[in-house]
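Me: I'd like to walk through this structure with you, strand by strand. Could you have a look at it with me?

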Amino acid sequence: MTTPPFPNSTLCSDTIALDKNAIVAFAARFDPQPYHLDADAAAQSIFGGLCASGWHIAALATRLVSETLLSNGIPFVQMTSVSQLKWHQPTFVNEQISVRIALGAIEEESRIAGTHSQAIEVDVCNEDGAVVATMTATAAMARDPKRAVAS
Amino acid sequence: MTTLYLRDRWFEDLPVGEFHVFGSHTFSELEIVEFAQTFDPRPESTDPEYARGNHSQGLVASPWLITAMWMRKMVDYMEVYAQGVNDGRRNGAGVAINDLHWFEPVRPGHTLTYTYEIIAKPDRVIREKWGLIRSRNEAFNQYSNKVMQFEIDILAERRPVTSNDA
């Protein structure tokens, strides 16, 4: 009756275009540093151009993970921990990002009621296939797969 | 000997063990819902009515809102006290985070207080001018419960060899 959350399977998401307005809007609210806000200042910075906050990338990646898992019948609820998150290169204006998700071992324990934990590896890629960020995480998955439908 | 202000310091001037309580924030229902609508659109975070009758026992903030607010509080604090944010050159970019955990839900009306402690200075020189500062960052709610923690490696510019600039 329940669909197992496919250990050892790999899934790919749709892409999201990261335009300047989205980058600047996130940065203005949460990460107002010059290289995320202003093209001229960014050109002089370590990144060499206007680029998205790393936290923006992490949040967008999680949205893509959620949508992809739910549309494949895997009842993702939320990330509960991230053992490593690395930003390998900046994500510049108008790059298209997507995620590649590898599901790992299922564990029984989760701190969230009605869920179990599952290991998850996420590669965040741009349209050239370059990996811009990687995330090694633990996700809470609902024991009742119908919860996946609610959102 | 000149006094070093926080905002004038280079990598070499930052001591392991330095600790800051750098900001606090009370989360509103509106910002929890708005963030979730864009980044984490699940009903536990976007729909107060649904969340009330759900396992979540009320609206909960997206975990990434909690970390995003860490960033905002850190930037605000650095603009006043720390080095380089306004000149766009000496400020450090984050490279990687480790051992990020969210322990408890954050709900509308909860107030988080964020802390930062330098725990290591890995012996590396990156692109000839940067060093790495590793810090442990934690957030506590109004009940003094730890709701989040992580370690982050942030670039800090090394003192130029020929410079008298402190």
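Me: Which residue in the turn between β5(A) and β6(A) has a positive phi?

Reply: Happy to help, and please keep in mind that this is a predicted model. β5(A) and β6(A) form a hairpin, with five residues between the two strands. In that turn, the residue with a positive phi, about 85 degrees, is G129(A).

Me: How many bridges pair β5(A) with β6(A), and in which sense?

Reply: Let's start from one residue pair: V124(A) has A133(A) in β6(A) as its bridge partner. The two strands, β5(A) and β6(A), run antiparallel. Their pairing extends over eleven bridges.

Me: What is the bridge partner of V99(A) in β5(A)?

Reply: Strand β4 (residues 95-107) of chain A pairs with strand β5 (residues 115-125) of chain A in the antiparallel sense, over eight bridges. Within β5(A), V99(A) has as its bridge partner V124(A).

Me: Which residue of β2(B) does K86(A) stand opposite?

Reply: Strand β3 (residues 76-87) of chain A pairs with β6(A) over nine antiparallel bridges, and S81(A) is partnered there by T138(A). β3(A) is also joined to strand β2 (residues 94-102) of chain B, by five bridges in an antiparallel arrangement. In β2(B), the residue opposite K86(A) is A96(B).

Me: Where in chain B is confidence highest?

Reply: The mean pLDDT of chain B is 87, and 87% of its residues reach 70 or more. For the complex, the predictor gives an ipTM of 0.89 and a pTM of 0.90. Confidence in chain B is lowest in helix α3 (residues 48-52), at a mean of 86, and highest, at 97, in strand β3 (residues 111-120) of chain B.

How values were computed:
Residues numbered from 1 in each chain as written. Chains lettered and ligands numbered in written order. Predicted model: local features only at pLDDT ≥ 70, side-chain atom pairs only at ≥ 80, totals over all residues. pLDDT = per-residue confidence, 0-100. Helix = DSSP H or I, 4+ residues; strand = E, 2+ residues; numbered from the N terminus. Pairing = 2+ DSSP bridges.
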